[in-house]
Amino acid sequence: MKALVYKSTGSWYVVKTRDGLLYNARIKGKFKLEGITSTNPVTVGDEIDVEIEEGEDKSAIITHIYDRRNYINRQSPSHKYQHHIIAANIDQTLLVCTLREPRTSQGFTDRFLVAAESYHIPAILVFNKSDLHREKEMNQFEERREMYEAIGYTVILMSVEKKEGMKDIQEVLQGKTSLVSGHSGVGKSSFINALVPSFGLKTQEVSGWSGKGLHTTTFAEMYDLPFGGRIIDTPGIREFGLVDISKQELSHYFPEMRPLISECQFNNCLHINEPGCAVKAAVESGEINVERYVSYYNILDSIKEYR
């Protein structure tokens, strides 16, 4: 029987069959995906086959995992050289950012965008807590919006507190499977509660002494949206370690760099000190935003640890 994974807790999974019934499912014995060296063999969004067990506890055995259309992952927090798949078979991903309480760094944002680009998943940036913005934050937002929209990303300003920007969000979510991610404390769970109050997800305030968010979501979980589509809530991410991306590949995941790569003098140009580099020339002329280039440089430098 075909089903879809809605929640993963590590060893047990909540799955929904095509007739809309929910089951607690587990993997029987050893079960590994060919070519996938992740810490989690099954993830939210996976399409699977299950065998329903007899009894009243509504349990099932996962017997097959269908090929993934795509997935998005990050470096495993506990295994430096392995990755953890956050979700699979998604149409788009929303990164919820904040400029205050807590502040989402541009470096974190750009790492997330690189991961989305590497798996050909459209990314949307949602800046929450606009009700907290002073003139300084509004100027920062306008700068980031201009920077990211210029290279093709959708940027939405939102205040869950004041219910502003929610209509724009509903329009981009309708009919699609969307992953929502971001630091703890940016308001992911409050955002999902505002979309569908019946979910009743737990929320917590930002830690006052550190300015960092407190974790409220422990495992990724998918929800059906009443206006069509599905949304996947994910645990808050403190850092986003990229995996399976080489130094040579990295510039291909910066949309503003892609068209210029073939114009560089050397085929293996890393766009740092090489002569005849079209990317560096574009940075110097202002065609490529210098802050995005700094992100590229920092990410490139971090990849050295894993290659």
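These questions and answers go through a predicted model of one protein chain.

Visitor: How many helices and strands are in the protein chain?
Guide: The model is predicted, and its secondary structure mixes two kinds of element. Strands number 13 in the protein chain, and helices number 7. The count asked for is 7 helices and 13 strands.

Visitor: What percentage of the residues in the protein chain is buried?
Guide: The protein chain has 307 residues. A residue counts as buried when its relative accessible area is under 20%. Buried residues by that cut-off make up 51%.

Visitor: What share of the area that the protein chain exposes do carbon and sulfur atoms supply?
Guide: The exposed area of the protein chain is about 15,500 Å². Of this area, carbon and sulfur atoms supply 46%.

Visitor: Are helix 1 and helix 7 roughly parallel or roughly perpendicular to each other?
Guide: Helix 1 covers residues 106-118 and helix 7 covers residues 290-303. Their axes come within 10 Å and cross at roughly 70°. Angles of 65 to 115 degrees count as roughly perpendicular. Helix 1 and helix 7 are therefore roughly perpendicular.

Visitor: How do the residues of the contact of helix 1 with helix 7 divide into nonpolar, polar and charged?
Guide: From helix 1, the residues that meet helix 7 include Asp110, Arg111, Leu113 and Val114. On the side of helix 7, Glu291, Arg292 and Ile299 are among the residues met. The residues of this contact divide into 3 nonpolar, 5 polar and 4 charged.

Visitor: Which element gives the most to the largest nonpolar core?
Guide: The largest nonpolar core has 33 residues, and Ile72, Ile90 and Leu179 are among those with the most contacts inside it. Elements that give two or more residues to this core include strand 6 (71-75), strand 9 (123-127) and helix 2 (135-149). The element that gives the most, with 5 residues, is helix 1.

Visitor: How many residues are in the other core, the one with Tyr296 and Ile303?
Guide: This other core lies apart from the largest one. Ala278 and Ala282 are also among its residues. Its size is 21 residues.

Visitor: Is Ala281 buried or partly exposed?
Guide: Ala281 has its place in helix 6, residues 278-285. Its relative accessible area is 42%, and the range between 20% and 50% counts as partly exposed. Ala281 is therefore partly exposed.

Visitor: How far apart in space are Ala281 and Leu260, C-alpha to C-alpha?
Guide: In sequence, Ala281 and Leu260 are 21 residues apart. In space, their C-alpha to C-alpha distance is 9.8 Å.

Conventions: Residues numbered from 1 in each chain as written. Predicted model: local features only at pLDDT ≥ 70, side-chain atom pairs only at ≥ 80, totals over all residues. Heavy atoms only, no water. Helix = DSSP H or I, 4+ residues; strand = E, 2+ residues; numbered from the N terminus. Buried < 20%, exposed > 50% of the residue type's maximum accessible area, 1.4 Å probe, protein only. Areas by Shrake-Rupley, 256 points an atom, 1.4 Å probe, with all protein chains shown as cover. Axes fitted to C-alpha atoms, helices over the stretch in contact; angles between N-to-C directions. Parallel < 35°, antiparallel > 145°, perpendicular 65-115°, else oblique. Contact = heavy atoms within 4.5 Å. Nonpolar A, V, L, I, M, F, W, Y, C, P; charged D, E, K, R; others polar. Core = buried A, V, L, I, M, F, W, Y, C linked by side-chain atoms within 4.5 Å.
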